[in-house]
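Work through the exercises below with the structure open. Try each task before you read its solution.

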Amino acid sequence: MKKIFPLFVLLAAAFHLHAQTFGGHPPGLRWQQINTPNVKVIFPEGMETQAERTANIFNYIHENNLRSVGIQSEKIDLVIQNQTVIPNGYVGLAPFRSEFFATPPQDPTLLGSLDWIDVLAVHEYRHVMQFTNADRGFTTFLRALFGEQGWAAGAFLSIPDWYWEGDAVVAETALTNAGRGRMPAFTLEQRANLLNNRKYSYMKSRNGSWKDQLPNHYTLGYSLCKYGREQFGNDIWKNVFQDGASYRKIIYPFSGALKRHTGIRTPELYRLTYDSLATAWKAEQKQLATTRFTKINKDKKRQVTHYNYPRPLSDGSVVCVRESYDKIANLVVISPKGNEQRLTTQGIVIDPYISVVNDKIAWSEIETHPRWGNVFYSAIVTYDYRTGQKNRLTSKSKYFSPAWSHSGGKIAVVHVSENQQNEIRILDAATGEVLERLLNPGNHFLMYPQWTADDRALVYIDKRNGEMALVRHDIAEGLTTQLTDYTAHVLNTPWVHGNEVFFSASFSGIDNIYAVTMGETGIRQVTSVKVGAFQPSVSEDGKTLYFSDFTDMGYDLGKTPVEPSGWQPIMVKEPVDMYSTASFSEEGGDILAEAPQERFEVEPYDPPLGGLKFHSWTYTSEGPASIAIVGLLNNVLNTSAMTLGLGYNTNERQPEVTGTYQYGGYFPVIKLEGGYSRRQADFLTNDRLRSLNFDEGRFGAGFGVPLQRYHGAYFSGLDLSAMAFYRRASDFKQDTLPAFRDGVSFSHWDLGLTFYNLRKTAPQHIYSRFGQLIRAGYQRGFDRSDIGRIWLQSRLYLPGLLPNHSIELEADYQEEKLTNPYQFGDEFQYARGFDMPLNDRIWRLGANYHFPIVYPDWGFAGYIYFRRIRGNIFYDKSRFSHFGVNLNQSSTGGEIIFDTQWLNLPVVLSIGTRYSYLLEKDLVDPSRTGRFEVFLATEL
């Protein structure tokens with residue numbers, strides 16, 4: 001069974017609140033701060049350069065580049081994280097803050113050639129200004145009423161998600177010499193769909209699909225925002241955005257504002273934009289002479305499926321990474337006849353890049369620190385194709401893009417330190433020990449090293465000052481030679497064969513494969529494809545080029561003969577010249593060279609009360625029978641959190657006042673909790689069951705230890721908690737009449753355990769194909785055996801008959817004597833179809849078979865959108881003790897669950913209908929044989 005929530009609660013999930021990891025920082029970090037009028041940058045010691053650069057860019061944009069968004073502003077706290085290896089950045093509300101995760105991605109197709117901190121600063125400060133300029137009209141009223149969660153609600157209910165990100169991508173493109181708007185890889189899905197006449201509705205493009213390949217809201221938004229600027233002027237979106245956030249129109253205020261200022265609504269803007277793109281790209285195709293190649297993967301695609309990083313093996317087959325909408329990433333081998341064989345699962349990765357030499361494969365996987373949730377590592381994993389042996393070569397490392405030497409004894413890796421010092425290290429392939437470190441005096445960012453044939457040099461991509469080049473480093477001499485000029489174009493995944501270096505690049509406006517000859521000048525174009533060619537490799541004999549070709553059904557693998565005589569020399573034209581528009585220049589042009597290099601005073605960051613600030617009122621549900629309106633206080637590092645709430649127990653139908661405090665800066669999380677509530681409990685006295693009402697106050701103190709682990713393809717966690725409570729019960733009324741005057745006070749332990757171990761999922765998976773969830777609690781009086789409860793909820797997930805089917809087995813138990821003088825709040829999940837039975841011991845077993853029925857990708861008038869309709873066949877068996885008599889409950893039935901999105905909000909709300917056929921008599925209503933219910937489904 002799942003938790004039941006009222007509909008309005010799920011709307012809160014659409015407010016796009018970024019959740020920080022509570023208490024995720026190791027305690028040894030020394031936090032510093034830089035204070036400026038527009039931003040307070042908080043950062044670990046050693047990150048002063050990145051902090052000053054960010055502050056300068058924020059301040060420069062604030063003074064010079066606000067014309068197309070608005071001039072309202074608030075100072076923001078920005079935290080720079082340097083312990084993680086997962087690249088990211090965001091601006092969030094509740095509380096209003098930003099976070100930068102400082103380690104850049106290896107794959108430049110994610111954000112292009114710009115330096116990581118620079119692009120984060122430009123993109124995220126645009127979000128800062130969006131949020132502050134959305135604070136107007138009805139959004140301001142919601143903020144005054146509910147705090148920053150009200151601010152978030154007003155902003156995200158009025159403004160579509162594609163605008164937030166699309167406008168920020170326009171800003172990063174217009175205010176730099178690169179940006180994602182100048183990257184052909186950014187629009188791959190759009191180009192592939194439109195060239196194949198796959199024209200989807202605006203509603204489908206906005207809400208997404210688990211069936212068809214669609215561009216995300218970044219790409220969709222960029223295209224719509226850019227087209228709007230070109231047609232209606234550079235500053236058109238400022239007025240539309242501000243009117244939308246003000247709610248001058250209640251239903252779809254953004255679309256109404258667009259109609260008011262341009263004469264068209266968003267679906268029409270979408271149609272015009274995509275018609276324009278289709279016309280331009282189809283005209284381009286007519287002038288394109290494409291390369292003839294053979295597709296390697298022969299299986300018919302029934303799902304969107306990606307085949308990436310083709311690498312030749314000694315037996316003539318090709319190994320690659322295969323991932324689809326119904327299967328997670330696996331290494332597979334494709335024979336010369338096209339037959340596919342799975343080798344092993346690739347674990348949790350940032351980049352699925354693989355290196356293969358002499359039938360040995362290497363890649364990197366994410367690891368976590370067991371306690372500190374912001375500390376991540378990148379470890380090297382190897383696999384021997386001939387023996388099937390898989391080995392985790394390193395642990396607690398920060399290594400990326402491994403490359404086998406041809407001798408097989410060494411692996412070159414990119415190492416990025418916590419303070420963002422970049423170098424290439426050479427590891428012993430047997431032990432993982434560091435054999436050598438290559439100097440990088442300019443601290444350039446390095447990507448994808450590859451060995452030359454004699455293992456005496458490495459070729460890699462070097463990035464500095466927002467530009468990229470291919471370089472060769474001779475290890476013995478320590479000499480670095482530039483193979484290409486530095487450019488703002490995206491270069492990616494080089495492959496060395498003999499004196500030729502193959503790589504993908506965006507020179508032609510379509511990503512293709514290019515080649516340079518070491519010792520010579522000039523770049524030659526090797527392929528010409530329709531949408532994009534990436535990840536080149538060459539067979540050992542040098543006769544065949546392999547690459548990944550993007551299509552409307554995902555990446556395919558292609559091969560073509562290596563024929564240097566047909567390769568065309570090119571002249572490189574920079575992206576800023578290829579993709580110039582009047583609206584970009586009006587925005588202000590490239591600011592990165594103009595931003596000041598002001599030095600700021602650096603101070604320790606140690607705010608009073610840990611920086612705890614009140615920011616919101618919100619709704620929460622901590623259990624199936626508990627709802628509350630809660631005031632939230634957090635600090636910007638998210639090491640302290642406090643709540644003050646007014647709640648209601650739906651089982652007992654009584655109110656309560658609650659308060660909590662947590663501090664997560666130590667290994668155990670310190671917890672304090674208090675509350676006062678009106679209680680209603682069924683109480684056994686003189687062999688009669690009576691209703692007992694009373695007041696209850698409680699105070700508790702204790703600790704929790706949240707642990708986590710990423711291992712291979714699994715996410716695991718263990719959360720242990722121990723609380724000691726003092727409770728005082730008074731004002732007892734039995735059957736609404738005064739019962740006795742004396743209060744009851746006692747102390748008890750409250751021990752808790754939560755455990756999960758879940759295999760990662762593909763988009764169409766309903767549940768993990770293998771996993772376990774356990775929640776357990778034990779409460780007992782310090783010196784009273786007549787006060788206590790024990791409970792357990794557990795789930796086991798197993799694969800069904802088809803890839804997207806899932807078996808869910810449930811086992812729940814609870815014991816609490818009806819004769820106990822104190823009854824804890826009841827949150828047990830009872831057999832479906834039955835009313836809650838009175839009991840002092842109960843267990844329930846449940847079996848579910850979940851399966852998809854159809855993926856409609858259809859909606860009505862923008863109000864509701866159906867992503868998927870799925871079914872569940874269930875059986876419940878329960879046994880409970882009632883007045884010393886053991887009784888059974890059992891039921892079977894089916895559920896139809898609609899995975900929906902409402903008002904085009906980016907959150908999936910699962911609405912279910914259930915019919916339960918009762919196999920045992922219901923004690924509450926013996927005449928009833930079944931029950932029909934409507935419910936909202938979430939996880940346990």
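**Exercise 1. Decide how covered Asp552 is, then find its salt-bridge partner.**

Solution. Start with Asp552: its relative accessible area is 13%, so the residue is buried. Here buried means under 20% relative accessible area, exposed over 50%, and partly exposed in between (1.4 Å probe, protein chains only). This is a predicted model, where local features need pLDDT of at least 70 and side-chain atom pairs count only at pLDDT 80 or more, while totals for chains, interfaces and linings use all residues. Residues are numbered from 1 along each chain as its sequence is written, and side-chain values use heavy atoms, with hydrogens and water left out.

Next, the partner. Asp552 forms a salt bridge with Arg198, and the closest N and O atoms are 2.4 Å apart. The criterion is a side-chain nitrogen of Lys or Arg within 4 Å of a carboxyl oxygen of Asp or Glu. The pair links distant parts of the chain, 354 residues apart. Arg198 lies in the loop between α7 (188-195) and α8 (202-207), and Asp552 in the loop between β28 (544-551) and β29 (554-561). Helices (H or I, at least four residues) and strands (E, at least two) are DSSP runs, numbered from the N terminus. Last, Arg198 has a relative accessible area of 27%, so this residue is partly exposed.

**Exercise 2. Explain the spacing of the salt bridge between Lys226 and Glu230.**

Solution. Take the distance: the two side chains meet at 2.6 Å, N to O. Then take the sequence: Lys226 and Glu230 are 4 residues apart in helix α9 (residues 217-232), so about one helical turn separates them. An α-helix has 3.6 residues a turn, so residues three or four places apart point the same way. Now check the cover. Lys226 is partly exposed, at 22% relative accessible area. Glu230 is also partly exposed, at 38%.

A network comes next. Shared partners join Arg795, Glu808, Glu810, Asp812, Arg832, Arg844, Asp876, Glu895, Arg914 and Glu933 through salt bridges. The structure holds 56 salt bridges. One of them pairs Asp135 with Arg143, with 2.7 Å between the closest N and O atoms. Asp135 is buried, at 14% relative accessible area.

**Exercise 3. Describe helices α2 and α3, and say what α2 packs against.**

Solution. Measure α2 (residues 48-64) end to end: its 17 residues reach 24 Å from first C-alpha to last, close to the 24 Å expected at 1.5 Å a residue. The expected span is 1.5 Å times one less than the number of residues. Count the cover: 12 of the 17 residues of α2 are buried. Among them are Ala51, Ile57, Phe58 and Ile61. The buried residues of α2 pack against β1 (31-35), β2 (39-44), β3 (76-81), β5 (97-101) and α3.

Turn to α3 (residues 116-134). This helix has 19 residues and reaches 27 Å, close to the 27 Å expected. In α3, 19 of 19 residues are buried.

**Exercise 4. Locate the nonpolar surface patch and name its main contributor.**

Solution. Phe138, Phe141, Leu145, Phe146, Phe614, Trp617 and Ile629 make a nonpolar surface patch of about 690 Å². Patches are made of residues with over 30% relative accessible area and no salt bridge: like charges are joined within 9 Å, nonpolar side chains (Val, Leu, Ile, Met, Phe, Trp, Tyr) within 5 Å. Accessible areas come from the Shrake-Rupley method with a 1.4 Å probe; for residues, only the protein chains shown count as cover.

Sort the patch by element. α4 (137-146) and β32 (613-623) each supply at least two residues. α4 gives the most, with 4. Phe138 sits in α4 and is partly exposed, at 37% relative accessibility.

**Exercise 5. Which residues does Ala488 contact beyond its sequence neighbours?**

Solution. Place Ala488 in the loop between β22 (479-482) and β23 (491-497). Ala488 is buried, at 4% relative accessibility. Leave aside neighbours within four places in sequence: Ala488 is in contact with Ser113, Asn177, Ala178, Gly466, Glu467, Glu574 and Pro575. Contact means heavy atoms within 4.5 Å. Lys573 is 85 residues from Ala488 in sequence, and 9.7 Å away in space, C-alpha to C-alpha.
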